[in-house]
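Please look over the sequence and the 3D structure shown here before reading on. The report that follows takes up single residues and then the chain as a whole.

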Amino acid sequence: DAYGVYDLTADEYETKKEALTLEQYKQHLEGNISLGVIPITPETPGGKCSYGIVDDDRHHKKINFKYDYNKLLQKIKLLRLPVNVCKSKSGGAHIAVYLDKPYPAKDVRHILKKFSYALGYDRECVEVEIFPKTDVLDNEGKKVNLPYKGSNSRVLLNSEAQEQTFAEFLKLAPERVTNLQYLAKFKLLDHGKKQHRNERTFAFAVFAKKHFFLQNYDISVNN
């Protein structure tokens with residue numbers, strides 16, 4: 001067991017090799033500490049995870065950049081992705097999928113890569129990370145920030161991009177818990193072809209025709 005506590009001076013997480021307790025979660029919600037967790041277990045032959053995150057930090061190199069959460073949420077609605085969007089510590093977005101039980105990290109990461117591609121992120125974009133970072137636990141593992149530090153930062157957004165309180169998070173997030181079997185259909189969102197708009201549109205059309213009725217879609221979100 002291990003987790004991280006953010007060290008503001010060092011600008012990194014200090015690893016604590018012990019199990020998280022309710023007291024640490026309480027301290028995080030009160031804003032006294034900032035927790036980072038490792039979303040993968042040290043099981044063999046491969047790790048497992050009960051949630052995964054697409055972390056969009058592309059704004060880091062842009063001056064006076066304001067993240068367009070509405071645009072992201074419109075794409076998610078169009079694709080019908082069973083995900084939750086929280087603001088990240090750096091002002092980007094954490095696109096999280098919560099699962100009903102632990103599944104092999106390799107399979108969860110595979111689906112998250114499909115989500116990332118369908119949302120318009122380049123496969124090689126280093127500013128967009130997938131958590132867990134690896135299929136198996138690598139050394140201490142890469143940590144991801146927990147939401148709701150101080151109960152009012154890194155908050156969940158609803159489908160209208162409205163910030164949700166922690167109490168609202170506890171109500172909404174469980175409603176979007178899914179399973180790996182349901183997620184399998186989203187593999188069609190990426191055919192492994194070139195990363196052009198036409199290829200993404202084609203992959204989406206194949207996905208929508210097979211799993212939903214294409215005529216029910218309003219394809220009006222600009223890339």
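## Two residues with positive phi

At 21% relative accessibility, Ala161 counts as partly exposed, because the buried class ends under 20% and the exposed class begins over 50%. The model is a predicted one, and in it Ala161 sits in the loop between strand 9 and helix 4 (166-175). The phi angle of Ala161 is near 65°, which is a positive value in a residue other than glycine.

Arg154 likewise has a positive phi without being glycine, with a value near 55°, and its place is in the loop between strand 8 and strand 9 (156-157). Is Arg154 buried or exposed? With a relative accessibility of 9%, Arg154 counts as buried, because that value falls under the 20% cut-off.

## A cis peptide bond

Phe131 and Pro132 are joined by a cis peptide bond, for which omega is about 5°. Pro132 belongs to the loop that runs between strand 7 (128-131) and strand 8 (144-145).

## The chain as a whole

The secondary structure of the chain comes to six helices and nine strands, and of its 223 residues, 42% count as buried. Among the contacts in the chain with a separation of 6 or more, 67% are made by residues 24 or more positions apart. The chain exposes about 12600 Å², and carbon and sulfur atoms supply 50% of that area.

## Helix 3

Helix 3 covers residues 105-118, and its 14 residues, at 1.5 Å a residue, should span 20 Å; the C-alpha atoms at its two ends are 20 Å apart, which agrees with that expectation. Just after helix 3 comes Gly120, whose phi is positive and near 100°.

How many of the 14 residues of helix 3 are buried? Ten of them are, so helix 3 is largely enclosed by the rest of the structure. The buried residues are Ala105, Val108, Arg109, Ile111, Leu112, Lys114, Phe115, Ser116, Tyr117 and Ala118. As background for reading such a list, an α-helix has 3.6 residues a turn, so residues three or four places apart point the same way.

## Ala93 and its surroundings

Ala93 lies in strand 6, and with a relative accessible area of 0% this residue is buried. Which residues is Ala93 in contact with, leaving aside its neighbours within four places in sequence? The contacts of Ala93 are Val54, Asp55, Asp56, Tyr67, Tyr69, Leu72, Val85, Cys86 and Ser88.

Ala93 also gives a link back to the loop residue Arg154, since the two are 61 residues apart in sequence and yet 8.8 Å apart in space, C-alpha to C-alpha.

## Cysteines

One of the contacts of Ala93, Cys86, is itself buried, with a relative accessible area of 6%. Cys49 is buried too, with a relative accessible area of 3%. A disulfide is a covalent bond between the sulfur atoms of two cysteines, and a search of the whole structure finds zero disulfides.

## Thr178 and Ala208

Thr178 is placed in the loop between helix 4 and helix 5 (180-183), and at 7% relative accessibility Thr178 counts as buried. Not counting residues up to four places away in sequence, Thr178 touches Pro82, Val97, Tyr98, Leu99, Asp100 and Leu183.

Ala208 is found in helix 6, which covers residues 197-211, and counts as buried at 0% relative accessibility. The C-alpha atoms of Ala208 and Leu188 are separated by 9.1 Å, and these two residues are 20 residues apart along the chain.

## The largest pocket

The largest pocket has a volume of about 1000 Å³, and its lining is made up of 41 residues, of which Leu20, Tyr25, Val37, Tyr51 and Leu146 lie nearest its centre.

Which elements each supply at least two residues of this lining? They are helix 1 (22-29), strand 4 (48-56), strand 5 (84-87), strand 6 (93-104), strand 8 and helix 4. Strand 4 gives the most to the lining of the largest pocket, with five residues.

Definitions and conventions
Residues are numbered from 1 along each chain as its sequence is written. This is a predicted model: local features need pLDDT of at least 70, side-chain atom pairs count only at pLDDT 80 or more; totals for chains, interfaces and linings use all residues. Side-chain values use heavy atoms; hydrogens and water are left out. A disulfide is a pair of cysteine sulfur atoms within 2.5 Å. Buried means under 20% relative accessible area, exposed over 50%, partly exposed in between (1.4 Å probe, protein chains only). Helices (H or I, at least four residues) and strands (E, at least two) are DSSP runs, numbered from the N terminus. The expected span of a helix is 1.5 Å times one less than its number of residues. Contact means heavy atoms within 4.5 Å. Accessible areas come from the Shrake-Rupley method with a 1.4 Å probe; for residues, only the protein chains shown count as cover. On a 1 Å grid over the protein atoms alone, a cavity is a set of points where a 1.4 Å probe fits but cannot get out, and a pocket is an open set with protein on both sides within 12 Å along at least five of seven lines; lining residues have an atom within 4 Å of a point. Grid points are joined across faces, edges and corners, and a volume is the space filled by probe spheres set on the points.
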